[in-house]
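Got a minute to look at how some structural labels are earned? Let's go through a few of them together.

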Amino acid sequence: MTGPAGLDLTDIHHAYDGNPVVRDFALAVAPGELVCLLGPSGCGKTTVLRLVAGLEPLQRGRITVAGRVVGEPGRDLPPEARGVGFVFQDMALFPHLDIAGNVGYGLRKMATAAKRSRIEGMLSRVHLDGYTRAWPHQLSGGQQQRVALARALAPAPRVILLDEPFSGLDTRLRSAVRDEALHLLKSDQVTAMVVTHDPEEAMFMADRIAVMREGRLEQIGSPSEIYTQPASEFVAEFMGEVNRIDGVVQGGAVRTPFGMLPVNGHADGLAVHVLIRPEALKVNGAEQGIVSEPPIGVLSARVLAARLLGRTSWVHVCLQTDPTHRHDGPGGPETHSHWHVRVPGQFLPAEGSDLQIALDPRQAFVFPAPVPT
Ligand SMILES: Nc1ncnc2c1ncn2[C@@H]1O[C@H](COP(=O)(O)OP(=O)(O)OP(=O)(O)O)[C@@H](O)[C@H]1O
Ligand SMILES: [Mg+2]
């Protein structure tokens with residue numbers, strides 16, 4: 001339910017020169033909620049944001065902010081009348097205005113003293129005290145991005161739109177600025193839509209993630225729902241790497257190297273893809289937390305390579321499956337012998353050594369194989 005400062009998008013369609021890029025799009029963001037729009041390049045994320053901001057005339061549907069209609073075909077409110085702040089991909093501060101001028105840009109109606117204290121307060125919150133008289137070109141990319149955020153938040157918008165606001169930053173700065181932005185938005189209880197194509201960024205920031213694909217909403221849910229209960233193969237693969245095998249449902253289950261994996265709601269004879277997260281493979285001797293459900297099968301696997309990635313280790317293995325059991329998927333039986341396993345912490349078994357591996361069935365997803373067209 002959307003209350004006083006929520007954002008509602010109903011039945012949005014958008015086409016550029018007759019090419020539809022947003023279709024059947026509906027989304028309600030609750031007051032104070034942060035929703036991440038996540039999807040691959042070109043799926044329409046920026047277009048959705050531009051429609052909400054009023055930078056693109058609405059062709060179909062309706063957009064309301066805090067219960068007030070701001071966009072309807074032929075009746076679009078201009079961007080400045082919507083109570084929506086935004087920071088777009090290219091960010092662009094005004095080069096001819098100093099930092100105070102940039103942050104104060106949306107505060108023209110405020111009295112001078114109040115305005116100055118608001119600007120200083122905003123700059124302090126993004127850890128840029130003392131920068132009021134600096135010029136944009138004197139700031140680093142990360143500092144400019146923080147100024148852009150301060151500028152968008154200064155007029156206290158009810159709704160804020162952020163389009164890949166951290167994309168230009170290196171990894172460390174990115175997580176620092178992202179963390180600051182998240183705390184700022186949450187402490188002000190701003191309703192926010194944040195665009196990203198980085199699943200980890202979405203999981204870090206979002207109350208809910210809306211996964212987009214080719215202009216449509218593919219799935220919406222909490223980060224853990226999206227990650228652990230993906231609604232489609234597309235979502236499962238987009239959210240993180242998977243090992244994939246082909247199979248056919250037989251007696252309510254599908255054959256995997258680890259044994260029969262039960263499938264819910266798929267008819268016998270259906271061709272399916274089984275997607276298995278690298279962390280679903282449980283290695284004997286590695287610390288992998290508590291497995292509440294008994295893993296299935298225990299297989300021998302030969303280590304091809306092991307790499308430390310920081311917080312986790314990444315192990316390439318070759319499963320030693322029963323030679324009478326072949327998977328005849330596309331690319332032949334060999335395509336399934338190379339598996340990726342993710343283990344927390346440092347776990348670097350020697351190349352050529354053997355491991356015992358079992359499967360946590362909760363992190364294996366079964367979807368109908370796409371019908372070839
Ligand atoms: N002004 C425009 N005129 C014509 N086509 C456009 C215009 N803007 C975007 N498009 C097209 O619309 C589609 C969606 O673009 P959009 O910018 O919304 O994608 P996106 O999800 O934000 O991608 P990215 O992650 O690369 O920023 C793309 O195919 C793009 O080429
Ligand atoms: Mg974009």
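Q: What makes the pair formed by an oxygen atom of ligand 1 and a polar backbone atom of Gly44 a polar contact?
A: The two atoms are 3.0 Å apart. A polar contact is a pair of N or O atoms within 3.5 Å, so the Gly44 pair counts. Just so you know, this is a predicted model, where local features need pLDDT of at least 70, side-chain atom pairs count only at pLDDT 80 or more, and totals for chains, interfaces and linings use all residues. Residues are numbered from 1 along each chain as its sequence is written, chains are lettered from A and ligands numbered from 1 in the order written, and side-chain values use heavy atoms, with hydrogens and water left out.

Q: How do you know that the side chain of Thr47 makes a polar contact with ligand 1?
A: An N or O atom of the Thr47 side chain sits 2.6 Å from a ligand 1 oxygen. Thr46 also has a polar side-chain atom, 2.8 Å from an oxygen of ligand 1.

Q: Why is S15-S19-S16-S17-S18 called antiparallel, and which strands stand at the edges?
A: The 5 strands form an open sheet in that order, with antiparallel pairing. Strands pair if DSSP finds at least two bridges between them; strands are DSSP runs (E, at least two residues), numbered from the N terminus. S15 (281-283) and S18 (338-344) are the edges: each has a single partner strand, so one side of each lacks a neighbour in the sheet.

Q: What makes S16 and S19 a pair?
A: 5 bridges join S16 (residues 296-308) to S19 (residues 354-359), so they pass the two-bridge minimum.

How values were computed:
A polar contact is a pair of N or O atoms within 3.5 Å; within protein, one must be able to donate a hydrogen and the other to accept it, and residues adjacent in sequence count only if both atoms are side-chain atoms. Helices (H or I, at least four residues) and strands (E, at least two) are DSSP runs, numbered from the N terminus.
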